[in-house]
Amino acid sequence: QQFGEIEECKVVMDRTTGNSKGYGFVKFVNRNDAENAMAQVQGFQADGKQLKVQKAALGKMPSGPVSLYLAGFNPATFGMNELRQLLAPYGNVASVKVHPSQPGKKGVAFIGMESWAEASAAAEALNGIVYGADTLVVRIAEASLKQAQGLDPSAGRGGRGNG
């Protein structure tokens, strides 16, 4: 804690090898500590590689659960337990909702992860991987992205008129 109090830290691991993928996420309690750490660590040499430090894509990590959209799996052979096992290396899986699919259609699920760092790490590592015969699509769910940007996740949804 050389740079300040850390609220959350996550190293992204390769699920096949178990080795670090060479990046991670750190969330500081104090924004000034984060800025200081970024300035001091930028360009630092570690294991013969120069570190590149930057803010997360949205510039902030919302607190609370974050939903992942996961699609492209075979629902006949890949259920809730398999989804939990797939995502467990990236953090705490708070919830799994598998949407019913029609025979022959690929599965769709929404996975609740405990934090933005965990969800981001899972999406980065798993999007586009081939699992069995299926190529998975994994990304932060639209509602979570809108929440992170300070937008109402229900905005833009129409209702039924009275006329």
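Here is a short walk through the structure, one selection at a time.

**Before you click.** You are looking at a predicted model, in which local features need pLDDT of at least 70 and side-chain atom pairs count only at pLDDT 80 or more, while totals for chains, interfaces and linings use all residues. Residues are numbered from 1 along each chain as its sequence is written, and side-chain values use heavy atoms, with hydrogens and water left out.

**Whole chain.** Start with a cartoon view: the protein chain holds four helices and 10 strands. Helices (H or I, at least four residues) and strands (E, at least two) are DSSP runs, numbered from the N terminus. Of the 163 residues, 31% are buried, where buried means under 20% relative accessible area with a 1.4 Å probe, protein chains only.

**The sheet.** Next, select strands 6, 7, 5 and 10, which line up in that order as an open, antiparallel sheet; two strands pair if DSSP finds at least two bridges between them. Strand 6 (93-99) and strand 10 (137-140) are at the edges with a single partner strand each, so one side of each has no neighbour in the sheet. On average, neighbouring strands here are turned by 20 degrees against each other, direction ignored. Axes are lines fitted to C-alpha atoms, for helices over the stretch in contact, and angles run from 0 to 180 degrees between N-to-C directions.

Zoom in on strand 5 (residues 66-73) and strand 7 (residues 107-113): seven bridges join this antiparallel pair. Look for L70, which stands opposite A109 in strand 7.

**The helices on it.** Now add helix 2 (residues 80-87), which packs on the sheet and touches strand 5, strand 6 and strand 7, with its direction at about 135 degrees to that of strand 6. Contact means heavy atoms within 4.5 Å. Then show helix 3 (residues 116-126), lying across strand 5, strand 7 and strand 10 and running at about 155 degrees to strand 10.

**The core.** Show side chains for L68, L70, L83, L87, I111, M113 and L126: in the largest nonpolar core, of 28 residues, these touch the most other members. Such a core is a set of buried Ala, Val, Leu, Ile, Met, Phe, Trp, Tyr and Cys residues joined through side-chain atoms within 4.5 Å. Helix 3 contributes the most, with eight residues.

Centre on M113: leaving aside neighbours within four places in sequence, its contacts include L68, L87, Y90, V93 and A119.

**Last stop.** Finally, select F3, F28, A37 and V41, which are among the five residues of a second, separate core.

Methods: Buried < 20%, exposed > 50% of the residue type's maximum accessible area, 1.4 Å probe, protein only.
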